[in-house]
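Biologist: Can you pull up the model and walk me through it?

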Amino acid sequence: MIDNMETCPKCKCDACYTFNINETKKSYHCFGCGYYTTDLLVEGEYDKETYEETYPELHKDLMYVDEDKRCWYPQTINHENGTVFMNGPNKENAVWSAIRKTELTEEEKQMPRYKNQTHKSDAKTLKSFDKDFIEALDYIGFFDNVK
Ligand SMILES: [Zn+2]
């Protein structure tokens, strides 16, 4: 599943997962800093406004430009066991947070709001991990099925 691990152009850790999106452009998903970018997200060369349309203000504020002018954003990981996302009142106090999913009870499965779903986010499990993205992923069991 892991194609390629490289040195992260943003945080310089060696756990930046990359893959080609076409012959010359790559996509970068870093396990160290938790940010992602692509070679298409170059400052001044993409339609930032449209791209960021669905992004929370916090993510826009945290956008980071690397030395090659690529724009990095915090990743949001939606996994079958939970979600990892950047959370906080402002960029100075932003932390990685994780919330686990639990299986729906038979009763809940009958409710219209959970139609066709088997799991729900469990608010009680919300936990913050400061800057530690890996810890947050581990908490939701992200690595459990990786062989
Ligand atoms: Zn990184």
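Modeller: Sure, one term to begin with: donors are N, O and S atoms within 2.8 Å of the metal (3.2 Å for Na, K and Ca), and water is not among the atoms, so sites may look incomplete. This is a predicted model, where local features need pLDDT of at least 70, side-chain atom pairs count only at pLDDT 80 or more, and totals for chains, interfaces and linings use all residues. Residues are numbered from 1 along each chain as its sequence is written, and side-chain values use heavy atoms, with hydrogens and water left out.

Biologist: What spacing do the donors of the zinc ion follow along the chain?

Modeller: They follow C-x2-C-x18-C-x2-C. The C11 and C30 pair links distant parts of the chain, 19 residues apart: C11 is in the loop between β1 (5-6) and β2 (16-20), and C30 is in strand β3 (residues 26-30). Strands (E, at least two residues) and helices (H or I, at least four) are DSSP runs, numbered from the N terminus.

Biologist: Which atoms coordinate the zinc ion?

Modeller: The SG atoms of C8, C11, C30 and C33, at 2.3 to 2.4 Å.

Biologist: And why is the arrangement called tetrahedral?

Modeller: Because the four donor atoms subtend angles of 104 to 121° around the zinc ion. Four donors count as tetrahedral if all angles lie between 85 and 135 degrees.

Biologist: Is C11 buried or exposed?

Modeller: In between: C11 is partly exposed, with a relative accessible area of 33%. C30 is buried at 0%, and C8 is buried at 1%. Buried means under 20% relative accessible area, exposed over 50%, and partly exposed in between (1.4 Å probe, protein chains only).

Biologist: How many disulfides does a search of the whole structure find?

Modeller: Zero. A disulfide is a pair of cysteine sulfur atoms within 2.5 Å. The sulfur of C13 has its closest cysteine sulfur in C11, 3.5 Å away, so that is too far for a bond.

Biologist: Switching to the sheet, what is the strand order?

Modeller: Six strands form an open, antiparallel sheet in the order β1-β2-β3-β4-β6-β5. β1 and β5 (64-65) are the edge strands, each pairing on one side only. Two strands pair if DSSP finds at least two bridges between them; β2 and β3 are joined by five.

Biologist: What stands opposite F19?

Modeller: S27, in β3.

Biologist: Last one: where does E108 lie, and what does E108 touch?

Modeller: E108 lies in helix α3 (residues 106-109) and is buried, with a relative accessible area of 14%. Not counting residues up to four places away in sequence, E108 touches E103, Y114 and K120, where contact means heavy atoms within 4.5 Å.

Methods: Tetrahedral: all angles 85-135°; square planar, octahedral: opposite > 155°, others 65-115°.
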